[in-house]
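Let's take a walk through a protein model together, one stop at a time. Keep the picture open beside you as you read.

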Amino acid sequence: MARRLTTARLIVASHNAGKVREIAALLEPLGVEAVGAAALGLAEPEETGDTFVANAALKARAAATASGEPALADDSGLVVPALDGAPGIYSARWAGPGKDFRVAMNRIQRELAAGGHEIVGAAAYFICALSLGWPDGDCETVEGRADGTLTFPPRGPHGFGYDPIFVPDGRARTFGEMPPEEKQPLTHRARAFEQLATLFRSGQ
């Protein structure tokens with residue numbers, strides 16, 4: 001039987017303010033307070049895994065061990081099949097040390113063009129692995145996916161990361177053009193969270 005979360009506070013093992021906000025919004029209806037790793041001065045561990053799931057589990061365990069409290073970690077990224085799955089687990093690294101995602105989005109556009117691929121309308125999907133970890137090393141990890149296409153130039157002032165170039169299936173606007181309340185239910189993060197939600201209940 002899956003282990004349940006019984007605390008009213010959860011460490012979010014991320015220094016990405018956008019991710020922390022989205023996770024906090026998902027946790028709020030469950031009465032769970034989200035506290036970002038940066039607020040506690042927790043270090044960001046090196047992401048040495050070769051999958052989203054491995055990196056999420058690594059970050060959750062590191063934050064839970066360092067804080068002594070349960071921690072929720074997200075490892076997510078954009079997958080472009082025409083680029084052999086890139087940027088994938090390296091999505092954040094494509095933004096460079098300054099985490100400037102304009103650099104990353106420009107790189108995707110350049111590489112699609114260089115390979116002779118479709119640029120506007122290229123298939124893409126977001127993947128999110130969410131891992132709930134405890135200080136004793138126990139961990140539950142799930143994965144969610146949001147499919148769509150790419151558009152250039154980037155559009156919209158909302159969201160973060162690659163949101164301005166991603167149009168989810170069935171919609172005409174990018175994630176970057178959607179206000180949070182419209183975007184959130186469509187995201188890879190929300191779909192992964194649905195699978196973890198049963199653990200955010202009273203203890204077993």
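Our starting point is Val-167, which is buried because its relative accessible area is 9%, under the 20% cut-off for that label. Keep in mind that this is a predicted model. You will find Val-167 in strand β6, which covers residues 166-168. What does Val-167 touch, leaving aside residues up to four places away in sequence? Its contacts are Gly-148, Thr-149, Thr-151, Arg-155, Ala-172, Arg-173 and Thr-174. For a sense of scale, look across to Ala-62: Val-167 and Ala-62 are separated by 105 residues in sequence, and their C-alpha atoms are 34 Å apart in space.

Now move to Ala-146, a residue of strand β5. Is Ala-146 buried or exposed? Its relative accessibility is 1%, so Ala-146 counts as buried. Again setting aside residues up to four places away in sequence, Ala-146 touches Ala-124, Tyr-125, Phe-126, Phe-166, Leu-186, Thr-187, His-188 and Arg-191. Try finding Pro-168 as well: Ala-146 and Pro-168 are 22 residues apart along the chain, while the distance between their C-alpha atoms is 6.9 Å.

The next stop is helix α2, made up of residues 52-67. This helix has 16 residues, and from its first C-alpha to its last it reaches 22 Å, close to the 22 Å expected at 1.5 Å a residue. Which residues of α2 are buried? They are Phe-52, Asn-55, Ala-56, Ala-57, Lys-59, Ala-60, Ala-63 and Ala-64. The cover over these buried residues includes the strands β3 (71-79), β4 (123-133) and β5 (139-150). After α2 comes Gly-68, which has a positive phi, near 75 degrees.

Let's look at a pair of helices next. Helix α1 (residues 17-27) and helix α5 (residues 188-196) have axes that come within 11 Å and cross at roughly 40 degrees. That angle is why α1 is described as oblique to α5. The crossing of the two helices is right-handed. Where they meet, α1 contributes Lys-19, Glu-22, Ile-23, Leu-26 and Leu-27, and α5 contributes Arg-189, Ala-190 and Phe-193. Sorted by character, the residues of this contact are five nonpolar and three charged, with no polar ones.

Our last stops concern the backbone. Most residues other than glycine have a negative phi, and most peptide bonds are trans. With that in mind, visit the loop between β3 and α3 (101-114), where Pro-87 is found. The peptide bond from Ala-86 to Pro-87 is cis, with omega near -5 degrees. Asp-84 lies in the loop between β3 and α3 too, and its phi is positive, near 60 degrees, though Asp-84 is not a glycine. Asp-84 counts as exposed because its relative accessibility is 78%, over the 50% cut-off. Lys-99 is another residue of the loop between β3 and α3. Its phi is also positive, about 50 degrees, in a residue that is not a glycine. With a relative accessibility of 52%, Lys-99 counts as exposed.

Finally, which residues are joined by a cis peptide bond with omega of about 0 degrees? They are Phe-152 and Pro-153. You can find Pro-153 in the loop between β5 and β6.

Methods: Residues numbered from 1 in each chain as written. Predicted model: local features only at pLDDT ≥ 70, side-chain atom pairs only at ≥ 80, totals over all residues. Heavy atoms only, no water. Axes fitted to C-alpha atoms, helices over the stretch in contact; angles between N-to-C directions. Helix = DSSP H or I, 4+ residues; strand = E, 2+ residues; numbered from the N terminus. Parallel < 35°, antiparallel > 145°, perpendicular 65-115°, else oblique. Left-handed = near helix turned anticlockwise from the far one by under 90°. Contact = heavy atoms within 4.5 Å. Nonpolar A, V, L, I, M, F, W, Y, C, P; charged D, E, K, R; others polar. Expected span 1.5 Å × (residues − 1). Buried < 20%, exposed > 50% of the residue type's maximum accessible area, 1.4 Å probe, protein only.
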